[in-house]
Amino acid sequence: MIIESINKKEALRYLGIKGEPDSKTAELIDVCEKELLKVIEPKFLFRKFEIAEVPDGVDVGNGSLFLSGEGIKKHLVGCKSAVLMCATLGQGVDRLIRQLQITDLAKAVIIDALASSATERLCDYVEKEIRSSAENYHLTTRFSPGYDDLPIAIQKEFLSLLSAQKKIGLCSTDSMLLTPRKSVTAIIGLSDKKTRKYKSCDNCNLKDTCRYRKDNNHCGK
């Protein structure tokens, strides 16, 4: 995938800017977008696994990975298989943001927001690819480690199962942060029947800081 432009309206939401920005801010955002697009290297992986509901969660790949919690169980109800996906914008984005945090903090903040928007676009693209490869299935929305009561501590096992470090340079730190930072892991359920969107705002770990909830909205996950 090649990203040629970034959803600036989404980036403005990350920045906490409502409505249209002033002319100087808009001009700076355009400059930052061009700088960011030069260093973005979108990469992704996904793989289908058979799954089975077990008492405390969901078993993936006959013991290859255990997804614990009631949230993921509800999300994957009626699914006999699921796709594990991961996506990243690459190390160049991290390097650019670190450099700008020293030389131009305003640009660093804007590029961080633009990169978050680009990451979401990349994930949407990966989801379309998954849909194309699973035409006979109904798909759930994406559900990531750290959502609801699914532990973020599974990141290393998750990435290892996909050989993500070897294939696209994506790994997890000891504190379970993804590196490169602008990266995502997620689970998408596959069902023979139409799936129900499972929203878990009340139990989500981000409910107190979520930008969507502040606008009386939700992320749709």
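## Strands, rings and cores

Biologist: Which residue in E4 is the bridge partner of glutamate 50?
Modeller: Happy to start there, with the reminder that this is a predicted model. E1 and strand E4 (residues 79–88) pair in the antiparallel sense, over eight bridges. In that pairing, the residue in E4 that is the bridge partner of glutamate 50 is serine 81.

Biologist: Which residue in E2 stands opposite valine 54?
Modeller: E1 also runs antiparallel to strand E2 (residues 57–60), with four bridges between them. A hairpin through two residues joins E1 to E2. Opposite valine 54, the E2 residue is glycine 57.

Biologist: Phenylalanine 44 and phenylalanine 46 form an aromatic pair; of what kind?
Modeller: The structure holds three aromatic pairs, so let us take this one on its geometry. The ring centres of phenylalanine 44 and phenylalanine 46 are 6.4 Å apart, with 0° between the planes. Planes under 30 degrees apart count as stacked. The pair of phenylalanine 44 and phenylalanine 46 is therefore stacked.

Biologist: And of what kind is the pair of phenylalanine 44 and tyrosine 125?
Modeller: Here the ring centres are 5.8 Å apart and the planes stand at 70°. The pair ties together parts 81 residues apart in sequence, because phenylalanine 44 lies in strand E1 (residues 43–54) and tyrosine 125 in helix H5 (residues 105–133). Planes over 60 degrees apart count as edge-to-face. With its planes at 70°, the pair is therefore edge-to-face.

Biologist: Phe44, Phe46 and Tyr125 form one aromatic cluster; is phenylalanine 46 buried, exposed or partly exposed?
Modeller: Buried means under 20% relative accessible area and exposed means over 50%, with partly exposed in between. Phenylalanine 44, at 23%, is partly exposed, and tyrosine 125, at 29%, is partly exposed as well. Phenylalanine 46 has 31% relative accessibility, so it counts as partly exposed.

Biologist: Which helix gives the largest share of the largest nonpolar core?
Modeller: That core has 33 residues, and those with the most contacts inside it are Leu36, Ile40, Leu89 and Leu114. Helix H1 (8–15), helix H2 (23–39), E4, helix H4 (91–103), H5 and strand E8 (183–191) each supply at least two of its residues. The largest share, eleven residues, comes from H5.

Biologist: Apart from that core lies another; how many residues does it have?
Modeller: Isoleucine 40, back in the largest core, is in contact with Ile3, Ile6, Leu89, Val93 and Ala118, leaving aside its neighbours within four places in sequence. The other core lies apart from the largest one, and Phe49, Val58, Ala82 and Leu159 are among its residues. The number of residues in this other core is 25.

Biologist: Within what arc do the buried residues of H2 fall?
Modeller: The buried residues of H2 are Ile29, Cys32, Glu33 and Leu36, and they pack against H1, H4 and H5. On the other side of H2, Ser23, Lys24, Glu27, Lys34 and Lys38 are exposed. Seen down the axis of H2, the buried residues line one face of the helix, because they fall within an arc of 110°.

Biologist: What distance does H2 reach from its first C-alpha to its last?
Modeller: H2 has 17 residues, and at 1.5 Å a residue a span of 24 Å is expected. The span in the model is close to that, at 25 Å.

Biologist: Which peptide bond ending at proline 180 is cis?
Modeller: Most peptide bonds are trans, so a cis bond is worth a look. Proline 180 lies in the loop between strand E7 (178–179) and E8. With omega near 5°, the cis bond is the one from threonine 179 to proline 180.

Biologist: Asparagine 62 and aspartate 148 both have a positive phi; is aspartate 148 buried or exposed?
Modeller: Phi of asparagine 62 is near 55°, and this residue is found in the loop between E2 and strand E3 (65–68). At 76% relative accessibility, asparagine 62 counts as exposed. Aspartate 148, with phi near 50°, is found in the loop between strand E5 (138–139) and helix H6 (155–161). Its relative accessible area is 7%, so aspartate 148 is buried.

Conventions. Residues are numbered from 1 along each chain as its sequence is written. This is a predicted model: local features need pLDDT of at least 70, side-chain atom pairs count only at pLDDT 80 or more; totals for chains, interfaces and linings use all residues. Side-chain values use heavy atoms; hydrogens and water are left out. Rings of Phe, Tyr and Trp (its six-membered ring) pair if their centres lie within 6.5 Å; planes under 30 degrees apart count as stacked, over 60 as edge-to-face and the rest as tilted. Buried means under 20% relative accessible area, exposed over 50%, partly exposed in between (1.4 Å probe, protein chains only). Two strands pair if DSSP finds at least two bridges between them. A nonpolar core is a set of buried Ala, Val, Leu, Ile, Met, Phe, Trp, Tyr and Cys residues joined through side-chain atoms within 4.5 Å. Contact means heavy atoms within 4.5 Å. The expected span of a helix is 1.5 Å times one less than its number of residues. The arc is that of the directions from the helix axis to the C-beta atoms.
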